[in-house]
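Reader: Please take one loop of this model and go through it closely. Who sits there, and what do they touch? Then place it in the rest of the chain.

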Amino acid sequence: MTMPVNRTVNVSVVFNCVQNGANDFGGSATYTQSSSTPSDLGNVVDSNGNIDLRQASAYDPSQYNDSVDFVFTLAPQSTGYVTPVVWASRNGAGATIVVPQGGNAQEFQVEQSSATPQLLTIVDNDDDSNTYNYKPAVELPNFDHYYISLDPRIVNKPSSTNK
């Protein structure tokens, strides 16, 4: 008997960098859900990066568990101030999790590897119906790893909605 595995949501992120001054940068990101496992999970990501797992289809608990791996891939930017961008690692974390109601975010894991600086994975146990804010961040390697934080939202779906 095989153990149930995590569901996966793959998200392409384009960060459009803006140079505000000699050493002052900002920008915005657009998000696109590129694929998921299972493939019939449904679209749970909007273009602002908001993730609403209440939009996910039911799943078979004999194949999948409550956890969801969100894999964010930085795509090359095509507009704005074009410069290399990676997920933050030197001047701060690639993502931090904030619990708006107070408490802690122990159910989350943020995974990064220097071998794949364009990938950031947030593992969410999805075992409650709380709202969590996650703040991914990027760095500009050509500018001493200038740190820029972003702020979309994750909304967990109760695990009782499976098949």
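Author: The loop comes first, then its partners, then the rest of the chain.

Two ground rules. This is a predicted model, in which local features need pLDDT of at least 70, side-chain atom pairs count only at pLDDT 80 or more, and totals for chains, interfaces and linings use all residues. Residues are numbered from 1 along each chain as its sequence is written, and side-chain values use heavy atoms, with hydrogens and water left out.

Start with the frame. The loop lies in the hairpin of strand 9 and strand 10, with five residues between the strands. Strand 9 covers residues 131-140 and strand 10 covers residues 146-149. Strands here are DSSP runs of E, at least two residues long, and helices are runs of H or I of at least four, numbered from the N terminus. The two strands pair in the antiparallel sense over four bridges. Pairing requires at least two DSSP bridges between the strands. One of the bridge pairs is A137 with S149 in strand 10.

Now the loop residues. D144 sits in the loop between strand 9 and strand 10. D144 has a positive phi of about 50°, although it is not a glycine. H145 lies in this loop too. H145 also has a positive phi, about 55°, and is not a glycine either.

Buried or exposed: where does D144 fall? D144 counts as exposed because its relative accessibility is 62%. H145 counts as buried because its value is 15%. Buried means under 20% relative accessible area, exposed means over 50%, and partly exposed lies in between (1.4 Å probe, protein chains only).

Next, what H145 touches. Its contacts are R90, N91, E139 and L140, not counting residues up to four places away in sequence. A contact means heavy atoms within 4.5 Å. With E139, the side chain of H145 makes a polar contact of 2.9 Å. That term covers a pair of N or O atoms within 3.5 Å; within protein, one must be able to donate a hydrogen and the other to accept it, and residues adjacent in sequence count only if both atoms are side-chain atoms.

R90 comes up again with D144. The two form a salt bridge, with the closest N and O atoms 3.8 Å apart. This pair links distant parts of the chain: R90 lies in the loop between strand 5 (86-87) and strand 6 (95-98), D144 in the loop between strand 9 and strand 10, 54 residues apart. A salt bridge is a side-chain nitrogen of Lys or Arg within 4 Å of a carboxyl oxygen of Asp or Glu. Side chains of opposite charge can pair when their charged atoms come close. R90 counts as exposed, because its relative accessibility is 53%. By the salt-bridge rule the count comes to two. In the other one, D52 meets R54 at 2.9 Å, N to O.

Now step back to the chain. The protein chain has zero helices and 11 strands. Buried residues make up 40% of its 163 residues. Among contacts between residues at least 6 apart in sequence, 65% join residues at least 24 apart.

Strand 9 also reaches the core. Strand 1 (5-21), strand 2 (24-37), strand 4, strand 8 (119-124) and strand 9 each supply at least two residues of the largest nonpolar core. A nonpolar core is a set of buried Ala, Val, Leu, Ile, Met, Phe, Trp, Tyr and Cys residues joined through side-chain atoms within 4.5 Å. This core has 32 residues, of which V9, V13, F15, Y31, I51, F70 and F72 touch the most other members. Strand 1 gives the most, with five residues. Leaving aside neighbours within four places in sequence, F70 is in contact with V9, I51, L53, L120, T121, I122 and D124.

Strand 4 (residues 64-75) also holds S67. S67 counts as buried, because its relative accessibility is 12%. Beyond its neighbours within four places in sequence, S67 is in contact with N6, R7, D124 and N125.

There is another hairpin to set beside the loop. Strand 1 and strand 2 run antiparallel, joined by 13 bridges. Two residues connect them in a hairpin. G21 has D24 of strand 2 as its bridge partner. Further on, the peptide bond from T37 to P38 is cis, with omega near 5°. P38 is found in the loop between strand 2 and strand 3 (51-52).
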